[in-house]
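I opened a new page for this model today. My plan is to go from the core outwards and write down what I look up.

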Amino acid sequence: MAPEESVDASRLLQSFERRFLAARALRSFPWQSLEEKLRHSGSELLLDILRKTVKHPLCMKHPPSVRYARCFLSELIRKPSGDSVTLAESTAIVSHGTTGLVTWSAALYLAEWALENPSAFNHRTVLELGSGAGLTGLVICKMCRPRAYIFSDCHSHVLEQLRGNILLNGFSLEPDATAPAQHPGHHTHNSESPVVAVEQLDWDVVTALQLTALQPDIVLAADVLYCPEIILSLVRVLQSLSACRKDKLTLDAYIAFTIRNPETCQLFTTELGQAGISWEAVPHHSQKLFPYEEHSEMAILKLML
């Protein structure tokens, strides 16, 4: 970065910091200057702004109102593509026989981690298992510059809502989820938007042929460890994804979950061990950005497939 550009970025960060700490009206923030800088600076500048605002030490000690923080983040997150992350969700925890029509806490937690670790997704093909309403994936598509993102779920009502949320946020959908693997050069490093697709994946009946066609570089899942049967199915799918790798390189998976029942978590790690899948706990990230229950204990496991 040229010296004059560094000075401009520093002044911009200082302006955001002062206004946020003073809880100034959002319209007073230098959004136009930010958009101009983002054309050349990328997501690193957004992360710097997060550190100067919602992740500022003063906000850690004396957090602003949830409403103010949410409005600020909503405005900030739409700057790279000019559109906010907007979701249609069910108001019921269980609707149409599924829990996938609402956003659960672990999805927010995983999205926060992704915002602090954008390099994990940069120019890579991501497969998300059990995408639900799609918040985690939409945040990653907006902020972390993946080459391609494949959302997946099994329930027809969830898939319908998921496709609607993706279109609502300004992304176009590939008709075939295998498009990223079939056309690896389609998304270049200079492209603003990733290739986005939705795949219907029922973990109990998905075939090796279907998984082989996807060829992800990284796998994600959030809040999917809620019963023993689901855990067994998930581990089988992870094993199959590893076996289907054409390049035979290690496939990383990040599984985020709320610790509701320690025995369920223990079952998951036990099954991973029996399947020969190594894992490690991901350190907790530094700041809560999204509103979810304070008493919720959440974790992310990194699996090496």
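Which residues touch the most other members of the largest nonpolar core? I found Leu34, Phe72, Phe121 and Phe151, in a core of 56 residues. I noted the term: a nonpolar core is a set of buried Ala, Val, Leu, Ile, Met, Phe, Trp, Tyr and Cys residues joined through side-chain atoms within 4.5 Å. Buried means under 20% relative accessible area, exposed over 50%, and partly exposed in between, with a 1.4 Å probe and protein chains only.

Before going on, I wrote down the ground rules. This is a predicted model, where local features need pLDDT of at least 70, side-chain atom pairs count only at pLDDT 80 or more, and totals for chains, interfaces and linings use all residues. Residues are numbered from 1 along each chain as its sequence is written, and side-chain values use heavy atoms, with hydrogens and water left out.

**Core, continued.** Helix α6 gives the largest share of the 56-residue core, with 9 residues. Domain 1 (1–81) and domain 2 (105–178 + 189–304) both contribute, so the core lies between them. The domain bounds come from an automatic or database domain assignment. Helices (H or I, at least four residues) and strands (E, at least two) are DSSP runs, numbered from the N terminus.

**Phenylalanine 151.** I listed its contacts, meaning heavy atoms within 4.5 Å. Leaving aside neighbours within four places in sequence, they include Gly137, Leu138 and Cys141. I then checked helix α7 (residues 135–143): 9 of its 9 residues are buried. Those three contacts of phenylalanine 151 are among the buried residues of α7. Arginine 145 follows α7 and has a positive phi, near 55 degrees.

**The sheet.** I counted 7 strands in an open sheet, in the order β3-β2-β1-β4-β5-β7-β6, with mixed pairing. Two strands pair if DSSP finds at least two bridges between them. β3 (195–200) and β6 (278–281) each have a single partner strand, so one side of each is left without a neighbour in the sheet. In the middle of my list, β1 (residues 125–129) and β4 (residues 218–222) pair in the parallel sense over 4 bridges. Valine 126 has isoleucine 218 of β4 as its bridge partner. Helix α6 (residues 105–116) packs on the sheet and touches β4, β5 (252–258) and β7 (298–304).

**Threonine 258.** Is this residue buried or exposed? Threonine 258 is buried, because its relative accessible area is 10%. I placed threonine 258 in strand β5. Its contacts, not counting residues up to four places away in sequence, include Ser105, Ala106 and Met298.

Key: Axes are lines fitted to C-alpha atoms, for helices over the stretch in contact, and angles run from 0 to 180 degrees between N-to-C directions.
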